[in-house]
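Work through the exercises below with the sequence and coordinates open. Each task is followed by a solution in steps.

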Amino acid sequence: MNPHTRTQSGTRPTDEPPTLDRTTFGHRLRTARKRFGWTLAELAERSGVSITTISRAERGQLALGYENFTALGRALQMDMNAMFAGAGVKPAQLDRPVVTRAGKGVVYRGLSIAYEFLGTAAAGKQMSPIVGTVHARSIHGPEDFVRHSGEEFAYVLSGEIEVHFDNGEVVHLARGDSLYFDSRIGHAYVSVSRQLAKIVGMTTTESGHMRSAREAPASSSAGKVSPEPKSKSKPAVAAKKTARGRAG
């Protein structure tokens, strides 16, 4: 017993957040795939994630980025909270408030961000809140840009970051700054302060309301009534899915 931490020698202090290591995540991913009786090729076809990426993730050899694990979650028809919930914790319907105590979210280290997932006990929630530590220091190429359906919000708790978009735009954010954007646009976070930046992030799935708003034709002038109804505009083309293992 350590008299200072009140923990057994060699054990993790109780105030450290639970960490979902790559091996455990890989086992959960493989179990979910096997429940459908799918091969790696079948899951790759349904998710848009490459066979190599899925195989390496299942074997605990690769950390998936946000884009890839959400694509796999959709294909496997599962709430991704089941992947990130603590051992023995099964997500339940959101019929009462869900509290995540300080430092008790589940941490998963991606290639550019270490995600602390919050509210993992709530199944089917419309938002995915995280506290993220941005450990990426540079962008190596197009494969570093993440794209996924819905919208995204980031608020800087400490340090400074740059958010790079695949259209060439770069947004610099310092402590207290925030950013809201369409997450179908390729984006990548980089820490530019001496210490690694910490953010609160939130992503949403694309709801029917959001989709309708994007597809609605813009009016030429407010309050003007057209003499004849115009034909409906064609739905916006969804952003092309990517399947690169370096995202997030």
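**Exercise 1. The hairpin of β7 and β8**

Task: In the hairpin of β7 and β8, find which residue takes a positive phi and how many residues lie between the strands. Then describe the pairing of the two strands and the side chains along β8.

Solution. The model is a predicted one.

Step 1. Four residues lie between β7 and β8, and in this hairpin G168 has a positive phi near 100°.

Step 2. Strand β7 covers residues 161-165 and is joined to β8 by four bridges, the two strands running antiparallel.

Step 3. Check the register at two positions. H164 is opposite V170 of β8, and I161 is opposite L173 of β8.

Step 4. Apply the burial cut-off, under 20% relative accessible area. V171 and L173 point to one face of β8 and are buried, whereas V170 and H172 point to the other face and are not, so the side chains alternate along the strand.

**Exercise 2. The sheet of three strands**

Task: What is the strand order of the open sheet of three strands, and which are its edge strands?

Solution.

Step 1. The order is β8-β7-β10, and the pairing is antiparallel.

Step 2. β8 (170-173) and β10 (187-191) are the edge strands, each pairing on one side only.

Step 3. From one strand to the next, the twist averages 20°.

**Exercise 3. The sheet of six strands**

Task: Give the order of the six strands in the other open sheet, explain why one side of β2 and of β9 is left without a neighbour, and trace the pairing of β11 with β5 and with β6.

Solution.

Step 1. The strands follow the order β2-β3-β5-β11-β6-β9 with antiparallel pairing.

Step 2. β2 (106-109) and β9 (178-182) are at the edges with a single partner strand each, and therefore one side of each has no neighbour in the sheet.

Step 3. Ignoring direction, neighbouring strands of this sheet are turned against each other by 25° on average.

Step 4. β5 (residues 127-134) and β11 (residues 197-204) run antiparallel and are joined by eight bridges. Among the pairs, G132 faces I199 of β11, and V134 has A197 as its bridge partner.

Step 5. β6 (residues 151-158) also runs antiparallel to β11, with six bridges joining them. Here E152 is opposite T203 of β11.

**Exercise 4. Helix α2 and its packing**

Task: Which residues of α2 are buried, why are they on the same side of the helix, and at what angle do α2 and α3 pack?

Solution.

Step 1. Helix α2 spans residues 40-47, and L43, A44 and S47 are its buried residues.

Step 2. These residues lie on the same side of α2 because they cover an arc of only 105° around the axis.

Step 3. Their packing partners are α1 (22-36), α3 (51-58) and α4 (66-75).

Step 4. Two packed helices are described by an angle and a distance between their axes. For α2 and α3 the angle is about 120° and the axes are 9 Å apart. The crossing is right-handed.

Step 5. On the α2 side the contact involves L40, A41, L43, A44 and S47, which meet I51, I54, S55 and E58 of α3. By class, the contact of α2 with α3 has six nonpolar residues, two polar and one charged.

Step 6. After α2 comes G48, with a positive phi near 85°.

Conventions
Residues are numbered from 1 along each chain as its sequence is written. This is a predicted model: local features need pLDDT of at least 70, side-chain atom pairs count only at pLDDT 80 or more; totals for chains, interfaces and linings use all residues. Side-chain values use heavy atoms; hydrogens and water are left out. Buried means under 20% relative accessible area, exposed over 50%, partly exposed in between (1.4 Å probe, protein chains only). The arc is that of the directions from the helix axis to the C-beta atoms. Contact means heavy atoms within 4.5 Å. Two strands pair if DSSP finds at least two bridges between them. Axes are lines fitted to C-alpha atoms, for helices over the stretch in contact, and angles run from 0 to 180 degrees between N-to-C directions. A crossing is left-handed if the near helix is turned anticlockwise from the far one by less than a right angle, and right-handed if clockwise. Ala, Val, Leu, Ile, Met, Phe, Trp, Tyr, Cys and Pro count as nonpolar, Asp, Glu, Lys and Arg as charged, and the others, Gly among them, as polar.
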